[in-house]
Each structure stands twice: as C-alpha cells, then as structure tokens.
Amino acid sequence: ELSLQQLYRSCVSSVVGIRAYKDGLVGYSWGTGIVMRADGYILTNEHVIDGATRAAVVLADGTEHDALLVGEDKIDADGLPAAVFGSSDELTVGDGVVAIGNPLSDQLSGTMTDGIVSAISRSISVNGRTMTLIQTTAALNQGNSGGPLFNMYGQVVGITNMKMSGSSSVAVEGLGFAIPSATVKAVADQLLANGEVAGRPGIGITVGAITDALRERYELPDGLYVSAVSAG
C-alpha cells in the first residue's frame, strides 16, 4: 500500500479537468476525467459533457486540448501519464480509497479527499435509471464527477459520479458514489472497439408505478405509467 502522500504524487498527473461549453450557457460547466491511455484517450462521465457543443481537456500541467464529443474520441496528445486500473471486484467494505478531482472550479483542481468503501454493489435509482455503484465516505462535490476513485495501491477502482445531498431539514454527509471499474472497463472497451455499447437491450420507455395519489386524482387503475419514450 501507498501512503496518502505517495498516492497523490503518483496519481495526480493522470487526473484532468473537463470544460464543457454549451449553447446559451455563459462560460462552461466543469468536471473531472482520467487519462485512460497514454495516447490521448480520456474517460469521464457522460453527464459531464451531455448537451455540450464543444469540450476541452485541461491536463495537470495546465495545457488545454480540444476533444470531440463522440464516444470513442481522444485528444490530440501522446505520452500522457495513463492511470493504472484495478479490479473493483476485489474491494471490500472498510477498504481505504482516495478521490482526486476538480471540485467546483479549476481553482480547486487536483483536490484529494480520502475515505473508505462504505458499501459494495449499492443500487441507486436516478431519473428512472438504476445503477449499481460503490458507496464511499470520500468527500465529493460538483466538479468531481468523472474523476477517479483510487484504492490505496494507486489503482483506479471507480469513476465518481454522484453524491447524496441534504435539504433544509436533513443534513447529509459522507454519501458519495462511484461507478465500479469493472463496469467502466466493459463499456470503455466496447466504445474503443466499436464506437458504441452493444448487447444492452432496452424497452425504449421509462415507467413508474401509479401511486395512490395518482390513482385517486385521475381515477386510474393499478399498474404503471409511461413518463418518457426513447427517440426512435
């Protein structure tokens, strides 16, 4: 295992910033990515660049490269410090983990937070989609999304993608989540090979349960309602 200081020195140069420029938005939205391969392939979350008309990758040394918004694209650079990917399948609750990313803005780039694995294979539903994620106490904030979650050997075991937020009446701390590296690898390998992810059939609609309130208000029967239909 590495000390926190050794891990940071070894891994921080593989972490990049993502600037997503969107029509109608002054400036850009900000996220994090990880150098997947030395020849310029960068990995981040889809929602970091969703709706963007242009994206740029900011390397640890401050240099900026344009990137096209397609699944298999890469920046025009070579000899980058690629991260080492580990197996998320080997994680256990209580293992130490570290997140390195760019919370809030580029002024806080390269921020490291540490914690433990709080749960394995946590099912979380967001906007009608259920994801199986690693739960961690490592502090995550807006802008961290798409960045790496390292084990204590400096290997990427997850890609941070969300956190639980509090409300005016409920305080929430230490509930962060990451996509397991096993899932990330399966998706990335298919994107690199085929430009798309195959073998994941979908019904093409988003459905929800008819609640008692809906049933009474609209005189509905038991069952499901369709809230969205996929294009095509």
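Reader: In which strand is Val 229 found?

Author: Val 229 belongs to strand S14, where strands are DSSP runs of E with at least two residues, helices are runs of H or I with at least four, and both are numbered from the N terminus. The model is predicted: local features need pLDDT of at least 70 and side-chain atom pairs pLDDT 80 or more, whereas totals for chains, interfaces and linings use all residues. Residues are numbered from 1 along each chain as its sequence is written, and side-chain values use heavy atoms, without hydrogens and water.

Reader: Why is Val 229 called exposed?

Author: Its relative accessibility is 63%. Buried means under 20% relative accessible area, exposed over 50%, and partly exposed in between (1.4 Å probe, protein chains only). Since 63% is over 50%, Val 229 counts as exposed.

Reader: Which residues make the nonpolar surface patch?

Author: Val 229 is joined there by Ile 203, Ile 205, Val 207, Leu 224 and Val 226, in a patch of about 590 Å². A patch takes residues with over 30% relative accessible area and no salt bridge, joining nonpolar side chains (Val, Leu, Ile, Met, Phe, Trp, Tyr) within 5 Å and like charges within 9 Å. Strands S13 (205–209) and S14 (224–229) each provide at least two of the residues, and S14 contributes the most, namely three.

Reader: What makes Arg 19 and Glu 64 a salt bridge?

Author: Their N to O distance is 2.6 Å. The criterion is a side-chain nitrogen of Lys or Arg within 4 Å of a carboxyl oxygen of Asp or Glu, so the pair qualifies. It links distant parts of the chain, with Arg 19 in strand S1 (residues 15–21) and Glu 64 in strand S5 (residues 64–67), 45 residues apart. The structure holds six salt bridges.

Reader: Why is Arg 19 called buried, and why is Glu 64 called partly exposed?

Author: Arg 19 has 14% relative accessibility, which is under 20%, so it is buried. Glu 64, at 38%, falls between the two limits and is therefore partly exposed.

Reader: How do you know that Arg 54 and Asp 66 link distant parts of the chain?

Author: Arg 54 lies in strand S4 (residues 54–58) and Asp 66 in strand S5, 12 residues apart. Their side chains form a salt bridge at 3.1 Å, N to O. Arg 54 is partly exposed because its value is 37%, while Asp 66 is exposed because its value is 52%.

Reader: Where do Arg 215 and Asp 212 lie?

Author: Both are in helix H4 (residues 212–218), three residues apart, or about one turn of the helix. Their closest N and O atoms are 2.6 Å apart in a salt bridge, and a network of salt bridges links these two residues with Asp 222. Arg 215 is partly exposed because its relative accessibility is 23%; Asp 212, at 53%, is therefore exposed.

Reader: Which members of the largest nonpolar core touch the most other members?

Author: They are Leu 7, Ile 34, Leu 43, Ile 100 and Phe 150, in a core of 21 residues. Such a core consists of buried Ala, Val, Leu, Ile, Met, Phe, Trp, Tyr and Cys residues joined through side-chain atoms within 4.5 Å. Among the elements that supply at least two residues each are helix H1 (4–11) and helix H3 (181–194), while S11 gives the most, three.

Definitions and conventions: Accessible areas come from the Shrake-Rupley method with a 1.4 Å probe; for residues, only the protein chains shown count as cover.
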